[in-house]
Every structure is written in C-alpha cells, then in structure tokens.
Protein chains: 2
Amino acid sequence: MALENQELRKAGLKVTLPRVKIYQILERAGEGDHFSAEDIYKLLMEQGEDVGLATVYRVLTQFESAGLVSRHHFEGGHSVFELSRDEQHDHVVCVKCGKVREFHDPDLVKRQNAIAEELGFTITDRTLYLYGVCKDGCEKK
Amino acid sequence: MALENQELRKAGLKVTLPRVKIYQILERAGEGDHFSAEDIYKLLMEQGEDVGLATVYRVLTQFESAGLVSRHHFEGGHSVFELSRDEQHDHVVCVKCGKVREFHDPDLVKRQNAIAEELGFTITDRTLYLYGVCKDGCEKK
DNA sequence: TTCGATGCAAAAGTTTTGCAAGTCC
DNA sequence: GGACTTGCAAAACTTTTGCATCGAA
C-alpha cells in the first residue's frame, strides 16, 4: 500500500483517500480493462467510498497530467483510462463484445517513426485502434 | 452541381438544401481539412443559409451511415468529419498549430492486418493518429 | 398529397468549475 | 495554520430527440 503512495508523491500529488482508492482500482485492473470516470465512480460507490464524480474526473485528469494514466477515446463519446505502463501498446477493440486486447509491435512503431520523419514531424504521442470482431470466443453483446 | 445530387440520391437521401450545402462545404475542403459540426454550422451561417445546428448533426450522421463521410475523434471532445475518399489514410496531427496531414502506407496496413490475423481478429475499421509537432512551418497557435 | 426533412427548443450525457467546508502535512 | 482537496451543485459543451411545420417528389 505504500507503493501507490510513492507513485502519488512522486507525481507531486498529496496522498489523499480518493486518489489512493482510484489508483488502487486502476491498479487492480487486468490487461485490456479500461474504466470510464463513471465506471470508477460506481465502483467506489459499491465499495462504500464517499467520493464525488467531479473528484473522479479531477483525479483522473491529474493522473493523466502526471503521466500515471493514459486516456483513450474509443468509440462512444466518453473517455476511458488505464494505468500507464512502461511499454507502449496499441489496442484491438471488438465492436461486438467490447473486449479490448493490447499488443505491441516494434516494426509498426519503427515504420510510424519513419513516416513521421519523412513528413518533418516530431511525434509526441500516437494512437492506433483496430476495430473488428473476435473470430472465436466472442460472447454475447 | 448535379454531381452532389447524384451522390445524395445514390445514398438514398432526398436532395434537400441543407444536405447539398453541407456536402458542398465538405467537397470544397482541401486535404487535411476536417470540420466539426459547429464549424459547418458557422460556415452555413456566414454564407447566409438558415440551417439549424441539429440538422447539421443529423445530416452528418446520415452521411456517415451512407459512407459518404468519415467521422474522426481527434483530441478535444468533439468529432470532425471529412468526405470519404477511395483510398484509406491515416492522420498526423500537429498539437501546436492544429494542422492535419494525411498519409497512406501500405506496409503499415499490411503489418496491422498480420497482427489482427495473429490475434484471431477480423478488422472492420482502423484508426491511427500520430500526434506531434511540425518541424518547420508550424505557424503560431 | 404524402412522407420525409427541418427548425426550434428542450433533453441527455459527459466533463468542468465555483465555492464553502474539510483534510493533509 | 495554511495550502491543497473535496463534495455538491451548477455550468459548459457536444450531441440527440420531440414535435409541429415545411418541402421535395
């Protein structure tokens, strides 16, 4: 538990209950899990924490600025968040079951860098989503 | 001018003034130009057309369903639209000047397909945005 | 004439903000 | 104690919808 406190402090954020709780939720997520602010808010409610939705948004935004989490805009008008990991990765989103899988492909990144170079462009961030359908275990929607 | 009427009819949409005007605006756009609903609404106002914002949204959504336009979610909480062209392409977005450039790289697509294949996934759509800074002609923000 | 399309206003959904009260160090 | 945080409510935005009216075929 001291772990997340470290992270928060390192990011220059005071260690408060809402921040710790939100961090824990994100930390507990499995690969491919992404939470919206609303999701996190509901989880906090369920576990009896008294945290306002506005605070969830504020905290997530702070975490993002601090580089602790990444924000994604999948389809559907709202943002989802996940803890930043060292290794950057891209996303495959099943439009049928909503499942998200992640992958990292060095060749892809290399090629992207080359393209940016050709265009006289310095990349600061990138975003690749592949949308489609799982061939097999695509459970009901 | 019969041209856009053809397109609309082909899409099963009645040829009405708002649709034609909106189509023309999109048609007139240069490469890399992307308009939000608000942008289009303002342009229509400027040229004295009396079209409601709700209609702009409705028409753009219909155009999207008909495959006439593509919708993108760059950063910033709103959608932008561009006329669909035959050739699919990806986007480079300058976070400083807002300029958007487009590119198409067959190798990139091939690699993406291979990855999807490995993951047992059938791609229906894909989205790649490279964010960064133009090295040279990046005019004021 | 007959549906479909539009405009307006109101609703809906997500995210942000103002401010008084509370919390961390 | 003092600065930073939080909760709540209200505001801001983007997008959607209900409905009476209007327009294209």
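Does B:Ser36 count as buried or exposed, and what is its relative accessibility? In this predicted model, B:Ser36 counts as buried, because its relative accessibility is 6% and the cut-off for buried is under 20%. The residue sits in the loop that links α2 (17–28) to α3 (37–46) in chain B. Setting aside neighbours within four places in sequence, B:Ser36 touches B:His78, B:Ser79 and B:Val80.

Next comes the general build of chain A. Five helices and five strands make up its elements, and read from the N terminus they follow the order α-α-α-α-β-β-β-β-α-β. Along the principal axes, the C-alpha atoms of chain A fill a box of roughly 50 × 40 × 25 Å. Of the chain's 141 residues, 43% count as buried. Take the contacts in chain A between residues at least 6 apart in sequence, and 45% of them turn out to join residues at least 24 apart. As for confidence, chain A has an average pLDDT of 88, and 94% of the residues score at least 70. Among its elements, α4(A) has the highest mean pLDDT, at 95, while helix α1 (residues 2–10) has the lowest, at 80.

The largest nonpolar core draws on both chains. It holds 23 residues, and A:Phe103, A:Phe121, B:Phe103 and B:Phe121 have the most contacts inside it. In chain A, β3 (90–94), α5 (106–118) and β5 (121–134) each supply at least two residues of this core, and so do β3 (90–94), α5 (106–118) and β5 (121–134) in chain B. B:Phe121 shows how the chains meet here: leaving out neighbours within four places in sequence, its contacts include A:Val92, A:Val93, A:Cys94, A:Leu130 and A:Tyr131, along with B:Ala116 from its own chain.

Then there is the DNA. Around strand C there are 21 residues, of which A:Tyr57, B:Thr16, B:Asp50, B:Thr55 and B:Arg58 come nearest. Of the strand C atoms within 4 Å of the protein, 71% belong to sugar or phosphate, with the rest in bases. Several polar contacts go to phosphate oxygens of this strand: a polar side-chain atom of B:Thr55 lies 2.5 Å from one, a side-chain N or O atom of B:Thr16 is 2.8 Å from one, and for B:Arg19 the distance from such a side-chain atom is 3.1 Å. The elements giving two or more residues to the surface near strand C are α4 of chain A plus α2 and α4 of chain B. Of these, α4(A) gives the most, with five residues. By type, the residues of this surface split into seven nonpolar, seven polar and seven charged.

DNA strand D has 20 residues around it, and A:Thr16, A:Asp50, A:Thr55, A:Arg58 and B:Tyr57 come nearest. Sugar or phosphate accounts for 76% of the strand D atoms within 4 Å of the protein, and bases for the rest. A polar backbone atom of A:Asp50 is 2.6 Å from a phosphate oxygen of strand D. Bases take part as well: a side-chain N or O atom of A:Arg58 is 2.7 Å from a base nitrogen, and one of B:Arg58 is 3.3 Å from a base oxygen. Two or more residues of the surface near strand D come from each of α2 (17–28) and α4 (53–65) in chain A and α4 (53–65) in chain B. The largest share, four residues, belongs to α4(B). The residues of this surface comprise seven nonpolar, six polar and seven charged.

Key. Residues numbered from 1 in each chain as written. Chains lettered and ligands numbered in written order. Heavy atoms only, no water. Near = heavy atom within 4 Å. Polar contact = N/O pair within 3.5 Å; in protein donor to acceptor, adjacent residues only side chain to side chain. Nonpolar A, V, L, I, M, F, W, Y, C, P; charged D, E, K, R; others polar. Core = buried A, V, L, I, M, F, W, Y, C linked by side-chain atoms within 4.5 Å. Buried < 20%, exposed > 50% of the residue type's maximum accessible area, 1.4 Å probe, protein only. Contact = heavy atoms within 4.5 Å. pLDDT = per-residue confidence, 0-100.
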